[in-house]
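The following report describes the architecture of a two-chain model, moving from overall dimensions to individual residues.

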Amino acid sequence: MKPRQNKKSVCFYFQVHQPYRLSKCNVFEIGAKSDYFKGPWNHENQKVFEKVAHKCYLPTNALILELLNRYPEFKVSYSFSGVFLEQCEKFGEVGKQVLDSFKKIVATGRAEVLCETYYHSLAWLFSKEEFALQIKKHLKMVYRHFRKKPSIFRNTELIYNNEIAEFIREMGFKGILAEGWDHYLDWRSPNYLYTPQKTDLHPEDRRIAKTNAIRKTVSSALPLLLKNYKLSDDIAFRFSNRGWNQWPMTADKFASWTDAADGNTVNLFMDYETFGEHQWEDTGIFEFMRHLPNELLKRNIVFRTPSETVKALKPVGVLDVPYLMSWADMERDLSAWCSNEMQEAALKRIFDLERRVKDLLPYLPKTKQEELLSVWRKMQTSDHFYYMCTKYWNDGDVHAYFSPYESPYDAFITYMNTLSDFEHKLSLTPVHA
Amino acid sequence: MNILMFGWEFPPIQNGGLGVACHGIVEGLIGNGHAVYLVLPKVAPEMQMFSPEVLKLLTASESGGFVKVAGVPGGLYSPYATAQNYENWIKEVKKKEPGMIYSDNLFEEVHRYAAQASVHAKHVPHEVIHTHDWLTAEAGIQAKKISDQPHVMHVHATEFDRSGDNPNQTVYDMERRGMEHADRVIAVSEYTKKIITKHYGVPEWKIDVVHNAVKPNFSAYHKTHHLNKTDKIVLFLGRMTMQKGPDYFLKMAKRILEVIQRVKFIMAGDGDMMHQTVRMAAELGIERNVLFAGFLKGDEIARAYGAADLYVMPSVSEPFGITPLEAIQNGAPVLISKQSGVSEVIKNALKVDFWDIDEMANKAIAVLQHPALSNTLKTHGKHEVERMTWHKQAKEIEKTYLKTRGKK
């Protein structure tokens, strides 16, 4: 092993999210629909949660805790969507077990919790105010459960551009995560820290960011951590692919690739469901993860959380991302959520309701206010729009297409009918001028 | 390869989907370099749309067979006609044209065709015999006896689709006999394959599924009609028979009108349920919104699709169902029954169980109310249909031919 002045580190970040899938709603139920968020009959949210809990959350949490106990150097980070944490609270004994096991991990002090929009929403695209409010709501939720105050932000599906970075900096965050996409990096490596290209915000947006700032001191430049998508996807997507010329993947092999990589931080960002749900247990994914920390440590590679990475390293350059980018699909753009007319119509309609919903609030008692906002915001979760995506639907790539509905069209019809019911209820809410 | 094919109808003299499919298959096979000898009950000069080197059209009566009768006009029998329908129909024809000598019985016609047509196997060079449905299966059986070449039976519809729970025993027996004798069976859908294994006891290994395709469409009819412009149009196009579910269409219409009033339901087609359907519209109290257009031909069909805001195919049992693909080609979004073969191949369509009236109405209303949904269905549907070609499907048929080699 060659000695390193500043050891190379691996930064693990896992995304933990469950949407509230909409119950089937047909046009004849408009005006009388009661439970929007139970889920379609064959994908009831509680059942999905329980299934994922048993296949992924509980066994993976046990493994991560085991690794944290065995290796004092091991560190991870998580982002829990607010709607996921809500479901933990709501779904009985299993929900409690899942939440408790996450709490144990965080209590070791070596698992950082990141911040995102509470509703895993696309609010940034339509309303900066909503975006800021959902961030603050998320911080509260995280504090309530974990007694932690996140200082690193990751947007829904790593949606990112210069403007978002500037807004987030203005809100007082100390770092932000994004995709390490070649299109913007060009010849550069994602394995370094960067700073976003400075950009000016609309005065109104800057005002919103300042008003909703989470701390008084604002850093002059926001460090940017970029996902190493090649190595991340070797685990998240290719791990069990027998057609891949590197199959089978071993901890030893992966660690040697990490060792061979340039730069000083290898950022491995992925969905937590990678473990046990996307890659089933019988693929050996748990065994792989069990051995990975030791293999990395053997090669003198350490672990850092995003906050530690930001503190330990200096940005090497400026990254200019003028257009919106995400971590989704080959395109790394927003086409999974807003590329066809249905998605555009649905997004427009839900965010057009903002003023109507907010104007009603003063006329409602506190609990009703919460309820109204919660329903409206749960319908902003990005997954609803993802289900309407026709991209993969047409390619016949059923594996890349994950949806509880029979087709994007069914997803759209259910969404619009539910929204009609919601609008109907809004119109019934008494307003005493 | 030389293919001896026994057909029943062929464009432009045809009554329905069998002729359309047969034409597509022949075109696809020729495009892939095969030669087809197509034997029909009657050949008209306008049927010869390919060069005679690759497609030879033969009349059953020209075969030099032992049964000597006058040539029978093509398009005489609808391949969909049940035996009962045929009897009623032939009575009508005889009243109008008393001089004609048709058999009173569809089965006699089928046997006569078989006896004459199969004799072509004696002098036509061929390596495979291809038959379509029960009407020509017997000809295939006889031809195989003559030439000892493999027989492939193509099943476009079964008696269970046409007659539901009351199949005609004679038709069923002939279908079954055909499939038993055939070296391989081609089913037009997985849906049909299931019926064939379940009701006809044909082993699975013997059946290949080859879905139909659709010929490219060049007509460009836009939404033009003489109804009130603000009215939405929902179209039914097909025979008015139990199989096509016109009654379900009307029940759906009733439900839709409870939510949106400005909708006209156009029902195009004729059949034994015609009177019943007209009566039912009145009984449901929606007769003002239901218009009957009668049997449409050629361009009228394309225009009807072009005018429609939604095409609905509520079939109770549809082995394939080419009409939704034609509707999509002409720019109409479609809502189709899941009890159909076409629902296996088209993704950009709304699908529903034919008996689920509320869901059918729900989806129809969504299309009529949300241009975003209608437009997405239209654009994506068009792209999808463009990729379905008879050329590709004929390659699949060729694979079936090859499977018969050395396994007589």
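## Overall form of chain A

In this predicted model, chain A has a radius of gyration of 22 Å, which agrees with the value near 22 Å that a compact globule of 433 residues would have. The C-alpha trace of chain A spans about 75 × 50 × 40 Å along its principal axes. Its secondary structure comprises 18 helices and 10 strands. Of the 433 residues in chain A, 48% are buried. Among contacts in chain A between residues at least 6 apart in sequence, 79% join residues at least 24 apart.

## Domains and the surfaces between them

Chain A is divided into domain 1 (9-319) and domain 2 (341-428). The centres of these two domains of chain A, taken over C-alpha atoms, are separated by 24 Å. Where they meet, 29 residues of domain 1 of chain A are in contact with 21 residues of domain 2 of chain A. On the domain 1 side of this contact in chain A, the elements that give two or more residues are α4 (123-126) and α5 (128-146).

Chain B is assigned a domain 1 made of two segments (2-213 + 389-403) and a domain 2 (232-386). Here 18 residues of domain 1 of chain B are in contact with 14 residues of domain 2 of chain B. On the domain 1 side in chain B, α1 (17-31), α5 (159-163) and α7 (190-200) each supply at least two residues.

## The contact between the chains

The contact between chains takes 15 residues from chain A and 18 residues from chain B. On the side of chain A that touches chain B, the elements giving two or more residues are α13 (341-352), α17 (391-395) and α18 (408-428) of chain A.

The table sets out the residue classes on three contact sides.

| Side | Nonpolar | Polar | Charged |
|---|---|---|---|
| Chain A, touching chain B | 9 residues | 4 residues | 2 residues |
| Domain 1 of chain A, touching domain 2 of chain A | 14 residues | 9 residues | 6 residues |
| Domain 1 of chain B, touching domain 2 of chain B | 6 residues | 9 residues | 3 residues |

## The nonpolar core

Which residues have the most contacts inside the largest nonpolar core? They are Leu235(B) and Ala364(B), in a core of 236 residues. Leaving aside neighbours within four places in sequence, Leu235(B) is in contact with Ile266(B), Ala268(B), Ala304(B), Ala308(B), Tyr311(B) and Val312(B).

## A buried helix face in chain A

Helix α2 of chain A covers residues 82-90, and its buried residues are Gly82(A), Val83(A), Phe84(A), Leu85(A), Gln87(A) and Cys88(A). These buried residues pack against two strands and several helices of chain A: β1 (9-16), β2 (76-80), α1 (45-70), α3 (92-107), α5 and α15 (366-378). Among these elements, α5 of chain A also gives residues to the side of domain 1 that touches domain 2. Just after α2(A), Gly92(A) takes a positive phi of about 55°.

## An enclosed strand in chain B

Strand β4 of chain B (residues 128-132) is largely enclosed by the rest of the structure, because 5 of its 5 residues are buried. Both faces of β4(B) are covered, with Val128(B), His130(B) and His132(B) on one side and Ile129(B) and Thr131(B) on the other.

The strand also has partners in a sheet-like arrangement of bridges. Strand β1 of chain B (residues 2-6) runs parallel to β4(B) and is joined to it by 4 bridges. In this pairing, Met5(B) stands opposite His130(B). Strand β5 of chain B (residues 151-155) is likewise parallel to β4(B), with 4 bridges between them. There, Thr131(B) stands opposite Met153(B).

## A loop residue in chain A

Ile214(A) lies in the loop between α8 (203-211) and β7 (224-227) of chain A. Is this residue buried, exposed or partly exposed? Ile214(A) has 17 other C-beta atoms within 10 Å and is therefore partly exposed, since a buried residue needs 20 or more and an exposed one has 12 or fewer. Not counting residues up to four places away in sequence, Ile214(A) touches Leu139(A), Met171(A) and Gly172(A). Ile214(A) and Ser101(A) are 113 residues apart in sequence, and their C-alpha atoms are 28 Å apart in space.

How values were computed
Residues are numbered from 1 along each chain as its sequence is written. Chains are lettered from A and ligands numbered from 1 in the order in which they are written. This is a predicted model: local features need pLDDT of at least 70, side-chain atom pairs count only at pLDDT 80 or more; totals for chains, interfaces and linings use all residues. The radius of gyration is taken over C-alpha atoms; the globule rule is 2.2 Å times the number of residues to the power 0.38. Two residues are in contact if their C-beta atoms, placed from the backbone, lie within 7 Å. Ala, Val, Leu, Ile, Met, Phe, Trp, Tyr, Cys and Pro count as nonpolar, Asp, Glu, Lys and Arg as charged, and the others, Gly among them, as polar. Domain bounds come from an automatic or database domain assignment. A nonpolar core is a set of buried Ala, Val, Leu, Ile, Met, Phe, Trp, Tyr and Cys residues joined through C-beta atoms within 7 Å. Two strands pair if DSSP finds at least two bridges between them.
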